[in-house]
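Thanks for coming, everyone. Please look at the screen, and then we will walk through the model together.

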Amino acid sequence: MTASLTQTLEIRTADAGEPDASAERRRVLVVDDFDDAREMYAEYLEFVGFQVDVARNGVEAVEKAQGAPPDIILMDLSLPVMDGWEATRRLKQDLRTRDIPVMALSGHVLAGNAEQAKQAGADEFVAKPCLPQDLEARIHRMLKPSKAKNSP
């Protein structure tokens, strides 16, 4: 995975020159118990200008989101201590965190998982593995303010 990330960063640098300045103030919480995946997504997102915090389980994710709410949460669903399903439900029931978009990530893509993730409160479901640049594009789409929110 590291070689792929390095190649992706080299291509991104050659194409863009500089990290995306519009993302600099956006904060992402990456929740994954698999070290390689968590580190790959965190490093890539930091490289493209996001501020990144990480969590290894659902309890840690909920605590971090409540303490310093991120702009978006990337939530693996298969987590120790508290799984991503329950962490997402708790975040969406809490007044402090319910409006934070949650992108559910899962390597276990079974029929109905996307619907179950939405029922738990996830705003989007993404099958893993997912290329970092695809994840970045989805994050930008989810964080883009809707016209309805900007209308007087």
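One definition before we start. A residue is called buried when its relative accessible area is under 20%, exposed when it is over 50%, and partly exposed in between. Keep those cut-offs in mind. By that rule, 43% of the 152 residues of the protein chain count as buried.

Now, a caution. This is a predicted model. The chain averages a pLDDT of 83, and 79% of the residues score at least 70. That confidence varies along the chain. Among the elements, α3 has the highest mean pLDDT, at 98. Helix α7, residues 147-150, has the lowest, at 43. Two stretches stay under 50. One is residues 11-24, for which the model has 19 contacts beyond four places in sequence. The other is residues 147-152, and there the model has 1 such contact.

Next, the overall layout. How many helices and strands does the chain have? There are 7 helices and 5 strands. Read from the N terminus, the order is α-β-α-β-α-β-α-β-α-β-α-α. Follow that along on the screen. Now take the contacts between residues at least 6 apart in sequence. Of these, 64% join residues at least 24 apart. On the outside, the chain exposes about 8400 Å². Carbon and sulfur atoms supply 49% of that area.

Let's go to a pair of helices. α4 and α5 pack at an angle of about 35°, and their axes are 8 Å apart. Which residues make the contact? From α4, we have Trp85, Thr88, Arg89 and Lys92. From α5, we have Asn113, Gln116, Ala117 and Ala120. Sorted by type, the residues of this contact are 3 nonpolar, 3 polar and 2 charged.

Pick one of those residues, Ala117. Its place is in helix α5. Is Ala117 buried or exposed? Buried, because its relative accessibility is 1%, and the cut-off is under 20%. Ala117 and Trp85 are 32 residues apart in sequence, yet their C-alpha atoms are 6.8 Å apart in space. Leave aside the neighbours within four places in sequence. Ala117 is then in contact with Leu77, Trp85, Ala104, Ala122 and Phe125.

Now move along to Asp123. Asp123 sits in the loop between α5 (113-120) and β5 (124-127). Its relative accessible area is 36%, so Asp123 is partly exposed. Met103 is 20 residues away along the chain, and the two C-alpha atoms are separated by 5.9 Å. Beyond its neighbours within four places in sequence, Asp123 is in contact with Lys92, Ile100, Pro101, Val102, Lys118 and Met142. Lys92 has come up already, on the α4 side of the helix contact.

On to charges. Side chains of opposite charge can pair when their charged atoms come close. How many salt bridges does this structure hold? The count is 11. We will look at three pairs.

The first pair on my list is Arg26 with Asp71. Their closest N and O atoms are 3.9 Å apart. Arg26 lies in the loop between α1 (2-16) and β1 (27-31), and Asp71 lies in the loop between α3 (58-67) and β3 (72-76), so this salt bridge ties together parts that are 45 residues apart in sequence. Arg26 is partly exposed, at 28% relative accessibility. Asp71 is partly exposed as well, at 26%.

Next, Arg90 with Glu86. Here the closest N and O atoms are 2.9 Å apart. Both residues lie in helix α4, residues 84-93. They are 4 residues apart, about one turn of the helix. Arg90 has a relative accessible area of 42%, so Arg90 counts as partly exposed. Glu86 is partly exposed too, at 26%.

Then Asp94 with Arg96. The closest N and O atoms are 2.7 Å apart. Is Asp94 buried or exposed? Buried, because its relative accessibility is 13%. Arg96 counts as exposed, at 53%. Elsewhere, salt bridges that share partners join Asp32, Asp76 and Lys128 into one network.

To wrap up, go back to the screen. Find Ala117, buried in α5. Then find Asp123, partly exposed in the loop before β5. And keep the low pLDDT of residues 11-24 and 147-152 in mind as you look.

Key:
Residues are numbered from 1 along each chain as its sequence is written. This is a predicted model: local features need pLDDT of at least 70, side-chain atom pairs count only at pLDDT 80 or more; totals for chains, interfaces and linings use all residues. Side-chain values use heavy atoms; hydrogens and water are left out. Buried means under 20% relative accessible area, exposed over 50%, partly exposed in between (1.4 Å probe, protein chains only). Contact means heavy atoms within 4.5 Å. Accessible areas come from the Shrake-Rupley method with a 1.4 Å probe; for residues, only the protein chains shown count as cover. A salt bridge is a side-chain nitrogen of Lys or Arg within 4 Å of a carboxyl oxygen of Asp or Glu. pLDDT is the predictor's confidence in each residue, from 0 to 100. Axes are lines fitted to C-alpha atoms, for helices over the stretch in contact, and angles run from 0 to 180 degrees between N-to-C directions. Ala, Val, Leu, Ile, Met, Phe, Trp, Tyr, Cys and Pro count as nonpolar, Asp, Glu, Lys and Arg as charged, and the others, Gly among them, as polar.
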